[in-house]
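Here is a short report on a predicted model. Look over the sequence and the coordinates before reading on.

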Amino acid sequence: MWILLKPRIRYAAIIAVLALTGCTGTRDTSCKCPKPVAYDEPTLKEISQALRALPSDNVLHRAMEDYENERGDLRFCP
């Protein structure tokens with residue numbers, strides 16, 4: 001059916017459909033916060049030991065610090 005329509009009419013129809021379906025006032029705009037993974041004590045201990053075994057200049061130390069900060073920020077997410 002779309003092939004049979006003239007290009008201008010086809011584009012107008014697509015825009016109309018997008019406007020009617022994508023711009024409704026009933027969309028949920030509330031925050032969708034992810035839930036952090038809960039690690040048990042043995043796993044946390046293993047992670048800590050693995051990090052201590054790395055050289056102090058290893059990039060994973062910085063990445064884990066960033067990850068820890070993000071997990072901390074999630075506590076304030078509604």
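## Fold

Read along the sequence, the pattern is α-α-α. The secondary structure comes to three helices and zero strands. Helix α1 covers residues 7-22 and α2 covers 41-53. Helix α3 spans residues 59-74.

## Confidence

The model is predicted, and its mean pLDDT is 78. Of its residues, 68% reach 70 or more. Confidence is lowest in α1, where the mean is 68. It is highest in α2, at 94. Where pLDDT is low, the predicted coordinates should not be read in detail.

## Burial and surface

How much of the protein is made up of buried residues? The share is 1% of the 78 residues. The protein exposes about 7400 Å². Carbon and sulfur atoms supply 62% of that area.

## Negative patch

Five acidic residues form a negative patch on the surface: Glu-65, Asp-66, Glu-68, Glu-70 and Asp-73. Asp-73 sits in helix α3. Is Asp-73 buried or exposed? Asp-73 counts as exposed because its relative accessible area is 54%, and the cut-off for exposed is over 50%.

## Nonpolar patch

A nonpolar surface patch is built from Val-37, Tyr-39, Leu-44, Met-64 and Tyr-67. Together these residues have about 400 Å² of accessible area. Leu-44 falls within α2, residues 41-53, and Met-64 falls within α3, residues 59-74.

Tyr-67 is also found in helix α3. Its relative accessible area is 31%. Tyr-67 is therefore partly exposed, since that class lies between under 20% and over 50%. The value also passes the patch cut-off, which is over 30%.

## Cys-33 and the C-terminal segment

Cys-33 is placed in the loop between α1 and α2. Its relative accessible area is 22%, so Cys-33 is partly exposed. The cut-off for buried is under 20%.

Which residues can be paired with Cys-33 across the sequence? One is Arg-75, which is 42 residues away in sequence. The C-alpha atoms of Cys-33 and Arg-75 are 9.7 Å apart in space. Another is Phe-76, 43 residues from Cys-33 along the chain. The C-alpha separation of Phe-76 and Cys-33 is 9.7 Å.

Phe-76 lies in the segment after α3. Its relative accessible area is 71%, so Phe-76 is exposed.

Definitions and conventions
Residues numbered from 1 in each chain as written. Predicted model: local features only at pLDDT ≥ 70, side-chain atom pairs only at ≥ 80, totals over all residues. Heavy atoms only, no water. Patch = residues over 30% accessible without salt bridge, like charges linked within 9 Å, V, L, I, M, F, W, Y side chains within 5 Å. Areas by Shrake-Rupley, 256 points an atom, 1.4 Å probe, with all protein chains shown as cover. Salt bridge = Lys/Arg side-chain N within 4 Å of Asp/Glu carboxyl O. Lys, Arg positive; Asp, Glu negative; His and termini not counted. Charge placed at Lys NZ, Arg CZ, Asp CG, Glu CD. Helix = DSSP H or I, 4+ residues; strand = E, 2+ residues; numbered from the N terminus. Buried < 20%, exposed > 50% of the residue type's maximum accessible area, 1.4 Å probe, protein only. pLDDT = per-residue confidence, 0-100.
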